[in-house]
Every structure is written in C-alpha cells, then in structure tokens.
Amino acid sequence: MSALLIGTMTMSLIAACGANEESSSGAGAETSGVSGSLSFYTSQPDQDATALVSAFNEEYPDVDVEVYRSGTEEVISKVQAEKEAGNVQADVMLVADSVTFESLKEQDMLMSYESPEAGGIPDDFVDPDHQYYGTKIMSTILAVNTDNVEEIPNSWKVLTEEAAAGESIMPSLLYSGAAAYNVGVMSRKDEFGWDFFQNVSNNGVTVVQGNGGVLESVASGEKSYGMVVDFIVARAAVEGSPVELVYPDEGVPVITEPIGIMKNTDNKEAAQAFVDFVLSERGQEVSTEIGYTPIREGVDAPEGLETVDELNILSHDVQELLETREQDKQQFADIVGAAQE
C-alpha cells in the first residue's frame, strides 16, 4: 500500500494578548500572556483540526498554531524521522490511540504535565504519569448501507457470511492507528481471534487506507458493510446518507485519541494551554459540536452516538498491544494480501 501524505496546513489567527511567562507544571496556563507559535501534529480530519484550533484561538488569540495532519502511522513516521535527525518539530500531538502514546512514552519523547482539567476525565483514560490524556470516545462500529441491506445485522459475524461476500470494507492498520488498535484487541478475544479476520478476508473484504474511504464506499452503495469509526457514520446519517450505525452485540473496541506534549517543546506554556483547552468543558463541547462522543463527564454525546457508560467496550492490555503491534501488522498483511488497495 502506498502512503498518502495529506500535507501541512498552517493556521495563524492573531489578536492582542500579553507577555509570555512560563507557568509551573500542573498549574495550567493562563489565558492572558500566552503567545508564540505552536506546532500541532494530529490524525484528525482537516475540518475537525481546524474547528479545534479556531476555538482554541478564541481564548488564546496570540498563539499561532501550525497543523500537520495525516494518518496516525504517517504522523508517527514523521516524528520518528525528526527524532533521528535530532530536531522534533511537534509541540503537541493528538493521534488515534493509547498504544501509540505508550510507544512515545517508552522512547522518553513526552513531557509529564498534570492538567488542572484532568479531574473531569475518567481515570481509565488518563496516563498514570500524566504524559497523555484521552480526549474523546471513538468506537469502531458496523456501518450498513440501508439501500442495499433490508435486515440490519447486530453482529460482527455478518462480515464472514454470504450476505457480505464481496460487500465489506475496512481500513488498513498499516495506515490507521484506530484500525491497528481494533485488530490488536479483537484478534485477542475468544469470540474473534485471527480466524475472524481470515474469514473476513476469505469473504472478499476490501481494505483501504483510512476510515474516510470506508465511509465513502458504504455511503455511496459501492459496499454494503463497513468496519469504521462511529462519529463519521453518525455525521453522514444526520446529513442524509443511507447509512445506519450498528453497535454489534459482541461489543466494540474504543480509542480515545490521546493528547500529549512533546518533551522537546519550545513553547511549554502554549502547549499546556492547548492541552488544558482540549480537556476543558468548552473543548469537550467543541468535540460534541464536531460530532465526537466527549470523554469529559457531564458533557452530552452527539445525536446517534452512545456515551461511554452505554457502550460494551472490548479492550486489552495496552503494553501487550504495544509489544505486538508490528507482529500484528505483519499478520494482518499476510492475511488480507491482495485485498489491500
């Protein structure tokens, strides 16, 4: 599979603020006095990153945020290349899953920061050493084209059945961090295992680079079933696409798109302010407005999505998933073979 580099987008929103003075770790950054440039690396869709940065700049108008956006795997490849060159450019990173952040943590690339906004985040989604925090709840669900399918399934098993022969699609874990996490978790569950993915492959699954391609195929009717992150399906349904979001009975893997500050940041104060904003009530409301399930307690989920309390979550030990990620990628590639695009 050839990599697709989405590119670099620069956003500069200016206004008046004050002087730049450093805050102590854990104290948070004050709105006044925070300025300078901030390099934000993310796997979020372009429009979502734009909305988040714009909302941040409403409170911190003197911080110029430069955004680099691509799939999680390519974002990490870029950071690793920068590390090898001795010049990591990112100040703050927000990408798909906790396994990716565990890898960065293991490489001593993250700064410990006790955000004053972390009290509203469930402990399960906060790194014990405060090097990264979950920012939202993103389930991988079954998307179904309602024009093609009369009887909506309630199980992942449909992807292995005749109804889905040549009619299913999923993202590649060689590009998507969410897909890598999902396959890692599901392959270790008795009700799935690697046999499930072998059977899905045997049933003619198409593998594309990312979740956006999966949704496009299902929404257009090219495919009838897709394994894809929930928020883009809910968003498409609200906009009128013939898609239905299904939370299968066996449960769903969940990623939290953690955020963390790179250890080498040149603007610690602005980086801390950005993390605080994302975790704050206002930052979580922005997530809801975009269409994500918020991770902060007391903030409602968007229409069509279940809250974390309602979900049957499939999970696995993060450290083991980190240790086996490359092995999982290879096994997945061996299974799907020519199905990849």
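Start by selecting E320 and R188, whose side chains meet in a salt bridge with N and O 3.3 Å apart; the term stands for a side-chain nitrogen of Lys or Arg within 4 Å of a carboxyl oxygen of Asp or Glu. The pair links distant parts of the chain, 132 residues apart: E320 belongs to helix 10 (residues 318-336), and R188 to the loop between helix 4 (177-186) and helix 5 (193-202). Helices here are DSSP runs of H or I with at least four residues, strands are runs of E with at least two, and both are numbered from the N terminus.

Before you go on, a word about what is on your screen. This is a predicted model, in which local features need pLDDT of at least 70 and side-chain atom pairs count only at pLDDT 80 or more, while totals for chains, interfaces and linings use all residues. Residues are numbered from 1 along each chain as its sequence is written, and side-chain values use heavy atoms, with hydrogens and water left out.

Are E320 and R188 buried or exposed? Here, buried means under 20% relative accessible area, exposed means over 50%, and partly exposed lies in between, using a 1.4 Å probe and protein chains only. E320 is partly exposed because its relative accessible area is 31%, and R188 counts as partly exposed because its value is 21%.

**More salt bridges**

Next, pick R235 and D48, which form a salt bridge at 3.5 Å from N to O. This pair also links distant parts of the chain, with R235 in helix 7 (residues 230-238), D48 in helix 1 (residues 46-59), and their positions 187 residues apart. Both R235 and D48 are buried.

Now move along helix 10 to K329 and E326. Their closest N and O atoms are 3.4 Å apart, in another salt bridge, and the two residues sit three apart in that helix, about one turn. K329 counts as buried because its relative accessibility is 12%, whereas E326 counts as exposed because its value is 56%. Add E73, D97 and R325 to your selection: together with E326 and K329 they are linked in a network of salt bridges. How many salt bridges are there by this rule? The count comes to 16.

**Two pockets**

Turn on a surface for this stop. A pocket is found on a 1 Å grid over the protein atoms alone, as an open set of points where a 1.4 Å probe fits, with protein on both sides within 12 Å along at least five of seven lines; lining residues have an atom within 4 Å of a point. Grid points are joined across faces, edges and corners, and a volume is the space filled by probe spheres set on the points.

The largest pocket has a volume of about 630 Å³. To centre your view, select S43, P45, R69, N211 and G212, which lie nearest its centre among 32 lining residues. Helix 1, helix 4, helix 6 (211-220) and helix 7 each supply at least two residues of this lining.

The second largest pocket has a volume of about 430 Å³. Of its 20 lining residues, S98, D124, F125, Y181 and V318 are the closest to the centre. Helix 3 (98-106), strand 11 (252-255) and strand 14 (313-314) each give at least two residues to this lining.

**Helix 5 and its surroundings**

Select G193, W194, F196, F197, V200 and S201, which are buried in helix 5. What do the buried residues of helix 5 pack against? Show strand 7 (168-171), helix 4, strand 9 (225-229) and helix 10 to see those partners, where contact means heavy atoms within 4.5 Å. Just after helix 5, look for G204, which takes a positive phi of about 85 degrees.

**Two last residues**

In helix 4, find N182, which is buried because its relative accessible area is 4%. Leaving aside neighbours within four places in sequence, N182 is in contact with T140 and P253.

Finish at I261 in strand 12 (residues 259-262). I261 is buried because its relative accessible area is 2%. Beyond neighbours within four places in sequence, its contacts include D91, M109, Y113, Q131 and V275. Another contact of I261 is Q272; the C-alpha atoms of I261 and Q272 are separated by 7.5 Å, with the residues eleven apart along the chain.

Zoom out to take in the chain: ten helices and 14 strands, with buried residues making up 58% of its 341 residues.
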